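Trainee: I am new to this one. Can we go through the labels and see what backs each of them?
Mentor: Gladly. Ask as we go.

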Amino acid sequence: MELVAIQSESVNIEDCVKNIVSKSQDLLSSKHGIIYSSKIHLTFGAFMNLTVTLLLDPNGNTRKGVLADYSPGKHKEDAIQKTLEKLNAKLPRSAKIVDFEIGTYTTPVTRRTYAVGVVVYNAPLEIKSFTEYTIKERRELLAKVLENFNYNPRVLNISEIARMFGVSRDSIYYDIEQILRDRKGTIR
């Protein structure tokens, strides 16, 4: 597990929001794993301060992200609704929300109301076709399937598996042979 923090502070709400999104994209694009949990801290005043702390789990891998946006409104409810509409439009399909925060601020002089929303999410990676798998990826998947069936290759339909991966039956037989050989080598 690894803790990372993304922080932005500005007198301008738009700059603060854009900065946190940009920093999160730069940080998370180079990190493997999933966002296990997060804490969002949002404060308003002379400066807007936004801090997002993430706990990253290196096991598994997803498309990770932090969305942030803002909207002015006639009143708090209006500003919040507009902000939620913007965030919902940007949220990837099938995303699992890890954390979210909505805050509002009314300027003292102009009485203008703003809502700021932040969403932390994990989304599935793009799914690729079985025919695009490398030999290593194919063997890893076959090894997981074999493990679920107590390493009994007779339960597999070799012809169907070969068709799915776009390879010959001999290739699948060889993959299974290598998986079983590697397993025997680690048992001893």
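Trainee: Why is Tyr 133 called partly exposed?
Mentor: First, keep in mind that this is a predicted model. Tyr 133 has a relative accessible area of 26%. Buried means under 20% and exposed means over 50%. The value lies in between, so Tyr 133 counts as partly exposed.

Trainee: What makes Phe 130 and Tyr 133 an aromatic pair, and why is the pair called tilted?
Mentor: Their ring centres are 5.5 Å apart. Rings pair if the centres lie within 6.5 Å, so this is a pair. The planes stand at 55 degrees. Stacked needs under 30 degrees and edge-to-face needs over 60, so tilted is the label left. Phe 130 is itself partly exposed, at 31% relative accessibility.

Trainee: Which rings form a cluster with these?
Mentor: Ring pairs link Phe 130, Tyr 133 and Phe 165. A search of the whole structure finds 4 aromatic pairs.

Trainee: Why is Arg 138 called buried?
Mentor: Its relative accessible area is 7%. The limit is under 20%, so Arg 138 is buried. Arg 138 sits in helix H3, residues 135–148. Among the residues it touches are Tyr 133 and Phe 165, both from that ring cluster. Val 167, Ser 171 and Ile 172 are also among its contacts.

Trainee: What makes the link between Arg 138 and Asp 175 a polar contact?
Mentor: The contact joins their side chains at 2.5 Å. The cut-off is within 3.5 Å, so the distance qualifies.

Trainee: How do you know that Lys 86 lies over the face of Tyr 70?
Mentor: Lys 86 is 5.3 Å from the ring centre. The rule asks for within 6 Å, and also within 35 degrees of the ring normal. The distance passes, and Lys 86 is listed as lying over the face.

Trainee: Now the sheet. Why are S4 and S5 called edge strands?
Mentor: The sheet is open, with 3 strands in the order S4-S6-S5. Strand S4 (63–73) and strand S5 (96–106) each have a single partner strand, so one side of each has no neighbour in the sheet. Neighbouring strands are turned by 10 degrees against each other on average, direction ignored.

Trainee: How do you know that S6 pairs with S4 and with S5?
Mentor: Count the bridges. S4 and S6 have 11. S5 and S6 (residues 113–123) have 10. At least two are needed, so both count as pairs. The sense is antiparallel in each. Asp 69 stands opposite Gly 117 in S6. Thr 104 stands opposite Ala 115 in S6.

Trainee: Why is S4 called largely enclosed?
Mentor: 9 of its 11 residues are buried, so the rest of the structure largely encloses S4.

Trainee: Which strands does helix H1 lie across?
Mentor: Helix H1 (residues 13–28) lies across S4 and S6, and runs at about 175 degrees to S4. Helix H2 (residues 76–90) packs on the sheet too, touching S4, S5 and S6. The direction of H2 makes about 150 degrees with that of S4.

Trainee: Last one. Is Leu 42 buried or exposed?
Mentor: Leu 42 has a relative accessible area of 16%. That is under 20%, so Leu 42 is buried. Leu 42 lies in strand S2, residues 34–43. Its contacts include Met 48, Leu 50, Ile 102 and Val 116.

Technical notes: Residues numbered from 1 in each chain as written. Predicted model: local features only at pLDDT ≥ 70, side-chain atom pairs only at ≥ 80, totals over all residues. Heavy atoms only, no water. Helix = DSSP H or I, 4+ residues; strand = E, 2+ residues; numbered from the N terminus. Buried < 20%, exposed > 50% of the residue type's maximum accessible area, 1.4 Å probe, protein only. Polar contact = N/O pair within 3.5 Å; in protein donor to acceptor, adjacent residues only side chain to side chain. Contact = heavy atoms within 4.5 Å. Axes fitted to C-alpha atoms, helices over the stretch in contact; angles between N-to-C directions. Phe/Tyr/Trp six-rings, centres within 6.5 Å; stacked < 30°, edge-to-face > 60°. Lists of a residue's contacts leave out its neighbours within four places in sequence.
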